[in-house]
Amino acid sequence: MNVQPHLIALCLKQDRKAEYELYKQSYSYLMSICMRYSRDKDTASEALNAGYLKILKNLPSYKPEIPFKAWIRQIMINTLIDVYRKHKREREKLTYVDEYFDTADFSDVNVALARLNCKQILDEIARLPEATRRVFNLFVIDGYSHREIGEMLEISEGTSKWHLNAARQKLKEYIETTVLTRV
């Protein structure tokens, strides 16, 4: 995705054609972010549209010295977190875990990963419980610390670690079963 500065300038003037062109250019990148955090395409599309509106609304605060791709990525992640918080009360209450125990159960499964394709792994990540999937994405893919995740999702640092451990366990079990059934 390579957005030209003149396109951003036209969007700042609220040129509808330029806004649509920006939407087309950034759609696949932003949708890939939304799909990592959503269970289905409809939910991801809703989040994408909400995020895109925030991008247009906050475009006057964009600073050209910051890469545009990184800037819209951060807005989209923040939007997804806002959507998560908004629906938090509707979901089950989270069980808080104060302590996190490191286990030796994590092992390299490179042979297993070689037998799986990316879509299978993404599908399995999408099947994780919502809170667990969000913590996994924020920690593993987006590189946030447990402290930052706790602040964003309004959970304790220990709960964030618990969700990451749960996600790893479920993905490990899936990979092990997939490899064992193929051998």
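**View 1. Tyr-62 and Phe-68, two rings tucked inside.** Tyr-62 and Phe-68 are both buried. Keep in mind as you look around that this is a predicted model. A pair of aromatic rings is described by two things: how far apart the centres are and what angle the planes make. The structure holds five aromatic pairs. In the pair made by Tyr-62 and Phe-68, the ring centres sit 5.2 Å apart and the planes are at 90°, so this one is edge-to-face. Elsewhere, Tyr-23, Tyr-27 and Tyr-52 are joined by ring pairs into a cluster.

**View 2. The whole chain, helix after helix.** Let's step back for a moment. What does the chain use, helices or strands? It has nine helices and zero strands, so to read along the sequence is to read α-α-α-α-α-α-α-α-α. The chain has 183 residues, and 38% of them count as buried. If you take the contacts between residues at least 6 apart in sequence, 69% of them join residues at least 24 apart. About 11,200 Å² of the chain is exposed, with carbon and sulfur atoms supplying 53% of that area.

**View 3. The largest nonpolar core.** This core has 42 residues, and those with the most contacts inside it are Leu-30, Ile-33, Cys-34, Phe-68, Trp-71, Leu-138 and Leu-153. Helices H1, H2, H3, H4, H7, H8 and H9 each give two or more residues to the core. Which of them gives the most? That's H4, with nine residues. To see the packing around one core residue, pick Leu-30: leaving out residues up to four places away in sequence, Leu-30 touches Leu-48, Ile-55, Ile-72 and Met-76.

**View 4. Helix H4 and what covers it.** H4 runs for 19 residues and reaches 27 Å from its first C-alpha to its last, close to the 27 Å expected at 1.5 Å a residue. Its buried residues are Phe-68, Trp-71, Ile-72, Ile-75, Met-76, Ile-77, Thr-79, Leu-80, Ile-81 and Tyr-84. What lies over these buried residues? The cover includes H1, H2, H3, H7 and H8.

**View 5. Asp-142 and Arg-73, a link across the sequence.** Here's one of the 12 salt bridges in the model. Asp-142 pairs with Arg-73, and their closest N and O atoms are 2.7 Å apart. Asp-142 sits in the loop between H7 and H8 while Arg-73 belongs to helix H4, so the pair ties together parts that are 69 residues apart in sequence. Are the partners buried or exposed? Asp-142 is buried, at 12% relative accessible area, and Arg-73 is partly exposed, at 24%.

**View 6. Salt bridges between sequence neighbours, and a network.** Glu-130 and Arg-134 meet through their side chains in a salt bridge, 3.1 Å from N to O. The two are four residues apart in helix H7, which means that about one helical turn separates them. Arg-134 has a relative accessible area of 6%, so it counts as buried. Glu-124 and Arg-127 form another salt bridge, with a 2.5 Å distance from N to O. Glu-124 is buried, with a relative accessible area of 13%, whereas Arg-127 is exposed at 55%. You can also look for a network of salt bridges, which links Lys-54, Asp-82, Arg-85 and Glu-154.

**View 7. Gln-14 and Glu-154, two loop residues with a positive phi.** Gln-14 isn't a glycine, yet its phi is positive, at about 60°. You'll find Gln-14 in the loop between H1 and H2, where its relative accessibility of 56% makes it exposed. Glu-154, again not a glycine, has a positive phi of about 60° too. Glu-154 lies in the loop between H8 and H9 and is partly exposed, with a relative accessible area of 49%. You've met Glu-154 already, as a member of the salt-bridge network with Lys-54, Asp-82 and Arg-85.

**View 8. Pro-64, out in a loop.** Where does Pro-64 lie? It belongs to the loop between H3 and H4, and a relative accessibility of 69% makes Pro-64 exposed. Now find Ile-8 as well: Pro-64 and Ile-8 are 56 residues apart in sequence, and their C-alpha atoms are 9.7 Å apart in space.

Conventions. Residues numbered from 1 in each chain as written. Predicted model: local features only at pLDDT ≥ 70, side-chain atom pairs only at ≥ 80, totals over all residues. Heavy atoms only, no water. Buried < 20%, exposed > 50% of the residue type's maximum accessible area, 1.4 Å probe, protein only. Contact = heavy atoms within 4.5 Å. Areas by Shrake-Rupley, 256 points an atom, 1.4 Å probe, with all protein chains shown as cover. Core = buried A, V, L, I, M, F, W, Y, C linked by side-chain atoms within 4.5 Å. Expected span 1.5 Å × (residues − 1). Salt bridge = Lys/Arg side-chain N within 4 Å of Asp/Glu carboxyl O. Phe/Tyr/Trp six-rings, centres within 6.5 Å; stacked < 30°, edge-to-face > 60°.
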